[in-house]
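Visitor: I would like to go through this model term by term. Please show it to me, and I will ask for the reasons behind each label.

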Amino acid sequence: MYSNSLIELDRAHLVHPVTSYRSHERAGVRVLRSARGATVTDASGHTMIDGFAGLWCVNAGYGHDSIVEAAARQMRELPYATGYFGLGSEPAIRLAAELAERAPGDLNHVYFTLGGSDAVDSTIRFIRYYYHAQGRPQKDQFISVEQGYHGSSTVGAGLTALPAFHAGFGVPFDWQHKIPSHYAYRNPAGTEPAAIIAASVAALRAKVEQLGADRVAAFYVEPIQGSGGVLVPPPGWMKAMRDLCRELDILFVADEVITGFGRTGPLFACADEEIVPDLMTTAKGLTSGYVPMGAVFLSEKVYETIADGAGASAVGHGYTYSAHPVSAAVGLEVLRLYENGLLENGRKAGERLMAGLRGLGDHPLVGDVRGRGMLAAIELVVDKERKTPLPAASDPARRIFDRAWDNGLIIRAFGNGVLGFAPPLCCTEAEIDAIVERTRMTLDETLEDPDVRAALA
């Protein structure tokens with residue numbers, strides 16, 4: 001009765017993100033009841049390994065009492081403090097300082113948001129202000145990468161390059177442009193890293209020439225494209241794009257909302273290639289999803305230009321909950337946990353995860369296995385030589401998610417037959433092995449679908 005009541009209340013009142021409202025009404029909600037470590041339990045008592053860490057975000061894992069205590073302690077002492085009027089709180093100040101100390105290069109200034117989408121929005125406002133302060137307001141064109149994801153806010157959804165976030169919303173805007181993804185498995189340039197890098201460099205250079213170098217403001221990129229299917233660029237790709245942006249006088253924005261805080265190994269994925277962006281966005285793992293928070297990191301050049309341009313005037317950008325003290329207190333404790341064993345455990349678990357998933361490469365449906373650290377994907381095909389995707393009629397997103405769920409595993413099942421993995425960094429060896437084994441079970445069951453069988457034949 002408890003569960004059925006919630007299902008009906010959900011149908012009647014709760015609007016879910018990125019879903020078919022009518023399909024959700026018919027299917028009903030799956031209610032999660034509790035979680036601990038890397039496992040979650042639903043209202044029926046069914047227990048699963050969360051192979052996707054919520055929504056790429058519960059990096060530290062569930063149920064850390066020290067995080068709960070940090071939030072409760074701050075709520076008792078000072079539950080809210082505005083950053084307006086020159087006010088602030090100790091947790092927010094300390095978190096900004098701790099993050100700046102660990103961030104790449106001179107990203108020494110931190111603006112806190114509620115999450116990744118408004119962090120991206122904030123970068124656009126900061127970048128426009130930056131160029132206005134320089135007397136170059138005509139630099140107002142923004143470039144991102146196809147199959148990239150930069151949030152679902154009105155402006156960020158235009159930088160996002162996934163059809164579902166554009167259809168019916170009137171985006172992208174005419175000042176938002178795209179270049180092709182590095183997507184190594186399906187890149188027209190081939191699979192060789194040098195060829196992929198050269199193609200991307202040529203594409204960005206051509207786009208800038210088309211728009212006019214005096215018009216282009218910034219280039220946005222994820223170190224690994226998450227929602228586009230966990231697309232991993234070849235080594236050297238990020239550095240090549242960063243160097244080109246510097247040459248073309250374009251700001252380079254690294255969107256680390258998914259990749260930040262140990263997801264790929266180091267605290268920030270930019271460290272993998274020693275990249276120092278002009279601006280960087282983070283969220284998700286910043287608080288391990290326990291409370292909402294995001295952050296924009298500004299380089300000295302960007303911050304100083306904005307500050308000098310404003311002079312004695314206020315920079316008119318702010319949120320009521322920016323630098324929220326409870327979120328900041330949680331962020332500080334999560335950061336402490338990362339540096340007291342979680343990052344190291346995540347590195348070891350990531351190596352085991354990638355090895356295990358690559359071991360599935362001989363499965364008849366597995367076309368590609370890719371990833372870095374605790375961020376991975378398997379791309380399913382019915383013809384390995386031709387890289388033919390699963391037939392759309394097989395509804396891979398729904399069927400595979402449901403089967404994995406029944407097998408005790410939560411993964412991200414994309415509509416094109418890509419399976420996404422982003423487990424908590426706290427996973428044990430046994431839990432990583434179980435993720436791999438339950439994935440194999442799910443693939444074996446999918447292989448028996450008549451429409452998949454027919455496509456294989």
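Visitor: How many aromatic pairs does a search of the whole structure find?
Guide: The search finds 15 aromatic pairs. This is a predicted model: local features need pLDDT of at least 70, side-chain atom pairs count only at pLDDT 80 or more, and totals for chains, interfaces and linings use all residues. Residues are numbered from 1 along each chain as its sequence is written, and side-chain values use heavy atoms, with hydrogens and water left out.

Visitor: What makes Tyr130 and Tyr131 an aromatic pair that is edge-to-face?
Guide: Their centres are 5.0 Å apart, with 75° between the planes. Rings of Phe, Tyr and Trp (its six-membered ring) pair if their centres lie within 6.5 Å; planes under 30 degrees apart count as stacked, over 60 as edge-to-face and the rest as tilted. Both values meet those cut-offs, so the pair is edge-to-face.

Visitor: Why is Tyr130 called buried?
Guide: Buried means under 20% relative accessible area, exposed over 50%, partly exposed in between (1.4 Å probe, protein chains only). Tyr130 has 4%, so the label is buried. Tyr131, at 1%, is buried too.

Visitor: What about Phe261 and Phe268: how do you know which kind of aromatic pair they form?
Guide: Their centres are 5.3 Å apart and their planes make 65°, so this pair is edge-to-face. Phe261 is buried at 1%, and Phe268 is buried at 2%.

Visitor: Which residues do ring pairs link into a cluster?
Guide: Phe142, Phe173, Trp175 and Tyr220. Trp175 also has Arg128 over its face, 4.6 Å from the ring centre.

Visitor: What makes that count as lying over the face of Trp175?
Guide: A charge sits over a ring if NZ of Lys or CZ of Arg is within 6 Å of the ring centre and within 35 degrees of the ring normal. The 4.6 Å of Arg128 fits the distance limit. Lys387 lies over the face of Tyr185 in turn, at 4.5 Å from the ring centre.

Visitor: How do you know how many disulfides there are?
Guide: A disulfide is a pair of cysteine sulfur atoms within 2.5 Å. The search of the whole structure finds zero. Cys57 is in none: the nearest cysteine sulfur, that of Cys426, is 13 Å away.

Visitor: Why is Cys427 not bonded to Cys426?
Guide: The sulfur of Cys427 is 5.6 Å from that of Cys426, so the gap is too far for a bond. Cys427 is buried, at 2%.

Visitor: What makes Arg336 and Glu333 a salt bridge?
Guide: A salt bridge is a side-chain nitrogen of Lys or Arg within 4 Å of a carboxyl oxygen of Asp or Glu. Here N to O is 2.7 Å, so the pair qualifies. Arg336 is partly exposed at 40%, while Glu333 is buried at 12%. Both lie in helix 11, three residues apart, about one turn of the helix. Helices (H or I, at least four residues) and strands (E, at least two) are DSSP runs, numbered from the N terminus.

Visitor: Why does Arg398 with Asp402 still count as a salt bridge?
Guide: Their closest N and O atoms are 3.7 Å apart, within 4 Å, so the label holds. Arg30, Asp395, Arg398 and Asp402 are linked in a network of salt bridges.
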